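Below are my comments on the model, as numbered points. Please read them with the structure open.

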Amino acid sequence: MDHNTLDHDRQIRCSADVVSEIRYLESKKNNPIVNDPYACLFISPEGGSMLKEALLQWPFFAEYLLSREKYFDDALNRYFQNTQEAQLVILGSGNDMRAERLLCLKGKKIFEVDFPDTISLKKEVLQNASQGLPDRVTYVGTDVSQDGFIDVLVQTGFNPNEKSVFLLQGLIYYMEPKGVDALFTGLGKILSQGSLLLVDYTSKDLGQEPYPENMKEYMLEKGFNVIEQVLLGTLTDKYFGKPHKEQWWVTEAEQA
Ligand SMILES: C[S@@+](CC[C@H](N)C(=O)[O-])C[C@H]1O[C@@H](n2cnc3c(N)ncnc32)[C@H](O)[C@@H]1O
């Protein structure tokens with residue numbers, strides 16, 4: 001994703017609200033591909049205006065993000081239906097409400113990780129809403145690109161010996177390639193066999209091109225076998241009848 005057009009700090013601060021806005025608008029449709037009844041709690045004027053700006057730059061932005069969300073929902077459903085004992089860790093969790101909206105996650109241990117301010121704000125919104133805070137979710141306010149991030153996660157109760165799914169949805173665009181590399185290296189070292197990594201990326205995110213060929217090799221170096229890689233444009237075609245060739249990808253990789 002090209003960061004030059006929109007101010008980077010503002011992008012990070014409001015990015016979670018932009019995704020909520022998209023989920024909110026989709027959820028109001030008759031047959032939404034993603035139904036998030038909680039999205040309305042997180043929409044903001046800033047998020048709405050940033051979405052308008054993003055749509056000027058990428059007219060397919062909403063369809064891309066919804067297709068990505070659906071792809072990861074499906075992957076989580078498959079994994080948790082087949083794996084009883086597993087934890088979910090959502091990095092850059094923003095306003096993600098899968099803990100509540102996906103049946104396959106009922107009773108599962110979930111960690112939501114984002115910057116401390118984002119986590120505090122989310123907890124405040126949920127505490128003030130009728131359903132309150134889900135008790136199965138551990139909220140971790142930290143910068144995932146910092147050294148020692150995994151230690152912080154373990155201190156909050158994450159068990160590296162159990163299988164886990166790490167979901168990085170819409171995260172690595174906001175990180176430096178060096179930080180992303182350190183994160184994948186750390187995850188590759190700590191995750192138990194059969195753990196799953198779900199991540200979306202563009203051709204520029206890891207500072208290497210071309211993709212997806214390099215991604216398979218890259219992931220293997222980190223200890224993950226890529227199970228599937230899908231160009232988001234093929235999913236926008238499937239769900240919305242709108243194909244695109246932009247190099248935005250979703251990947252599912254398993255700890256080897
Ligand atoms: C585009 S939002 C996506 C939110 C959520 N995953 C979703 O799809 O609804 C990106 C999120 O990543 C978080 N983020 C970006 N860089 C981060 C970092 N280094 N450490 C922790 N969170 C980060 C932002 O605060 C923001 O909430």
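1. Helix H7, dimensions. I start with H7, which covers residues 177–190 of this predicted model. Its 14 residues reach 20 Å from the first C-alpha to the last, close to the 20 Å expected at 1.5 Å a residue.

2. Helix H7, sidedness. The buried residues of H7 are Val180, Leu183, Phe184 and Leu187. They lie on the same side of H7, because they cover an arc of only 95° around the axis. Which exposed residues sit on the face of H7 turned away from its buried side? That face carries Lys178 and Lys189. The cover over the buried residues of H7 includes two strands, E4 (163–168) and E5 (196–202), as well as helix H8 (213–222).

3. Helix H2, for comparison. H2 runs over residues 45–57, and its 13 residues reach 19 Å from first C-alpha to last, close to the 18 Å expected at 1.5 Å a residue. Gly47, Met50, Leu51 and Ala54 are its buried residues. Seen down the axis of H2, they fall within an arc of 110°, so they line one face of the helix. Pro45, Lys52 and Leu56 are exposed on the other side of H2. The exposed residues there thus include a leucine, Leu56, while Leu51 of H2 is buried.

4. Ligand shell. There are 20 residues around the ligand, and those that come nearest are Ser15, Ala16, Gly92, Gly94 and Gly170. By class, the shell has eight nonpolar, nine polar and three charged residues. Which element gives the most to this shell? Helix H1 (residues 8–27) does, with four residues.

5. Ser15. This residue, among those that come nearest to the ligand, has its place in helix H1. Ser15 counts as buried because 22 other C-beta atoms lie within 10 Å of its own, where 20 or more are required. Leaving aside neighbours within four places in sequence, Ser15 is in contact with Gly94, Gly170 and Tyr174. Of these partners, Gly94 and Gly170 are also among the residues that come nearest to the ligand. Ser15 and Met215 are 200 residues apart in sequence, and their C-alpha atoms are 25 Å apart in space.

6. Tyr64. Helix H3 (residues 61–82) holds Tyr64. Is Tyr64 buried or exposed? Tyr64 is buried, with 22 other C-beta atoms within 10 Å. Not counting residues up to four places away in sequence, Tyr64 touches Leu232, Thr236 and Trp248. From Tyr64 to Leu121 the separation is 57 residues in sequence and 26 Å in space, C-alpha to C-alpha.

7. Met97. Here the residue is in a loop, the one between strand E1 (86–91) and helix H4 (98–101). Met97 is nevertheless buried, with 22 other C-beta atoms within 10 Å. Its contacts, leaving aside neighbours within four places in sequence, are with Asp36 and Tyr38. Met97 and Lys109 are twelve residues apart along the chain, and 14 Å separates their C-alpha atoms.

8. Leu133. This is another loop residue, placed between helix H5 (116–128) and strand E3 (137–141). Why does Leu133 count as partly exposed? Leu133 has 15 C-beta neighbours inside 10 Å, and a residue counts as buried at 20 or more and as exposed at 12 or fewer, so a count in between is partly exposed. Not counting residues up to four places away in sequence, Leu133 touches Lys123, Leu126 and Gln127. Leu133 and Trp248 are 115 residues apart in sequence and 33 Å apart in space, C-alpha to C-alpha.

9. Overall fold. The secondary structure of the protein comes to nine helices and seven strands. The radius of gyration is 17 Å, close to the 18 Å that the globule rule gives for 256 residues, so the protein is as compact as a globular protein of that length. Along its principal axes the C-alpha trace spans about 45 × 40 × 35 Å.

10. Burial and contacts overall. Of the 256 residues, 39% count as buried. Among contacts between residues at least 6 apart in sequence, 72% join residues at least 24 apart.

Terms used:
Residues numbered from 1 in each chain as written. Predicted model: local features only at pLDDT ≥ 70, side-chain atom pairs only at ≥ 80, totals over all residues. Near = placed C-beta within 6 Å. Nonpolar A, V, L, I, M, F, W, Y, C, P; charged D, E, K, R; others polar. Contact = placed C-beta atoms within 7 Å. Expected span 1.5 Å × (residues − 1). Arc of directions from axis to C-beta. Rg over C-alpha atoms; globule rule 2.2 N^0.38 Å.
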